[in-house]
Amino acid sequence: MYRVVECPIVGGAAAHSFNYFSLRETYQYFGGRLLARAAVAVAISGDFQIEIGVCHGCSPVGVEFEVTRAEGNILYELGGRRASDVWEEICGSIADKTNQSSALAIGVPLQGVSGALDYQVRAGYFIDTESGGVTLGPSIATGTHIMLHHRTTEDVVEGARQMGRDMVARIGSRRVCALLGFECGARTLPFLGAEGTLKENQELQSLFDESVPWLGMMPWGEIIPMGGPPTFHNYSYPLLAIVE
């Protein structure tokens, strides 16, 4: 899509109940049609500008691994060890293999991007202690060097706060017509909780004029342009401002 339209693409993947085994099918709506395995997009054009913000809510822990065995979107070995063993060693015992709210994530280095957001963040959707595999969304090729990331509520909240401040500074005196948000569903109730999610978003919204309309969704995987073509992330919060 990006090669065809050649414009920034911001959005997210269809969400579902927070359990990997329940992921059988998601649904998309277009006019009066109910779709599955589809993508729905809207193109916005006109005499305006855009500003895009993003925060991850994850921090690199300084532990690097080479992916020594992967098949599709399942990691089987990190540094020659079973991927599930590495995960369990850092996170503790994985009693509930369907638990999606793990504080551990994988960062794949982005080329041509520097700073705190220079990784594509990948969540572990399912940790299989029998096969040793860690199921991700997109695939990661064998031989890729990755950095382990850790999630904390402080990182999530401060990341959203800093993203808002940065966007306000870039927007300056221009008028914000609308804000489109795509906060990862795994940041909200499963991690911050209902009260924490409300506080995070109220603080973020308070940085902008209260008359600005907001529209958004809670996806399972976010699409963000990071110094080039759009890339897939987990645990992130892309925010698109339409300004004039």
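The following exercises, with worked solutions, concern a predicted model of one protein.

**Exercise 1. Overall dimensions**

Determine whether the radius of gyration of the protein agrees or disagrees with that of a compact globule.

*Solution.* Begin with the chain length, which is 244 residues. For a compact globule with 244 residues, the expected radius of gyration is near 18 Å. The protein has 18 Å, so the value agrees with the expectation. Along its principal axes, the C-alpha trace spans about 55 × 40 × 35 Å.

**Exercise 2. Fold content and contacts**

State how many helices and strands the protein has, and what share of its contacts with a separation of 6 or more joins residues 24 or more positions apart.

*Solution.* The secondary structure comprises four helices and 17 strands. Of the contacts with a separation of 6 or more, 74% are between residues 24 or more positions apart. As to burial, 43% of the 244 residues count as buried. The protein exposes about 12700 Å², and carbon and sulfur atoms supply 53% of this area.

**Exercise 3. Confidence**

Identify the stretch in which the pLDDT is below 50.

*Solution.* Take the whole chain first: the mean pLDDT is 88, and 90% of the residues reach 70 or more. Over residues 97-101, however, the pLDDT is below 50. In the model this stretch has 19 contacts beyond near neighbours in sequence. Predicted coordinates should not be read in detail where pLDDT is low.

**Exercise 4. The surroundings of Leu204**

Decide whether Leu204 is buried or exposed, and list the residues that it touches beyond four places in sequence.

*Solution.* Locate the residue: Leu204 belongs to helix α4, residues 188-205. Its relative accessibility is 1%; buried means under 20%, so Leu204 counts as buried. Leaving aside residues up to four places away in sequence, Leu204 touches Ala160, Met163, Gly164, Trp214, Tyr237 and Leu239. For Gly164, 40 residues away along the chain, the C-alpha separation from Leu204 is 6.0 Å.

**Exercise 5. Two residues with positive phi**

For Glu6 and Tyr235, give the phi angle, the location and the burial class.

*Solution.* Recall that most residues other than glycine have a negative phi. Glu6, although not a glycine, has a positive phi of about 50°. Glu6 is placed in the loop between α1 (2-5) and β1 (11-12). With a relative accessibility of 65%, Glu6 counts as exposed.

Tyr235 is likewise not a glycine, and its phi is positive, at about 60°. The loop that holds Tyr235 runs between β16 (230-233) and β17 (237-243). Because its relative accessibility is 1%, Tyr235 counts as buried.

Notes:
Residues are numbered from 1 along each chain as its sequence is written. This is a predicted model: local features need pLDDT of at least 70, side-chain atom pairs count only at pLDDT 80 or more; totals for chains, interfaces and linings use all residues. Side-chain values use heavy atoms; hydrogens and water are left out. Helices (H or I, at least four residues) and strands (E, at least two) are DSSP runs, numbered from the N terminus. The radius of gyration is taken over C-alpha atoms; the globule rule is 2.2 Å times the number of residues to the power 0.38. Buried means under 20% relative accessible area, exposed over 50%, partly exposed in between (1.4 Å probe, protein chains only). Contact means heavy atoms within 4.5 Å. Accessible areas come from the Shrake-Rupley method with a 1.4 Å probe; for residues, only the protein chains shown count as cover. pLDDT is the predictor's confidence in each residue, from 0 to 100.
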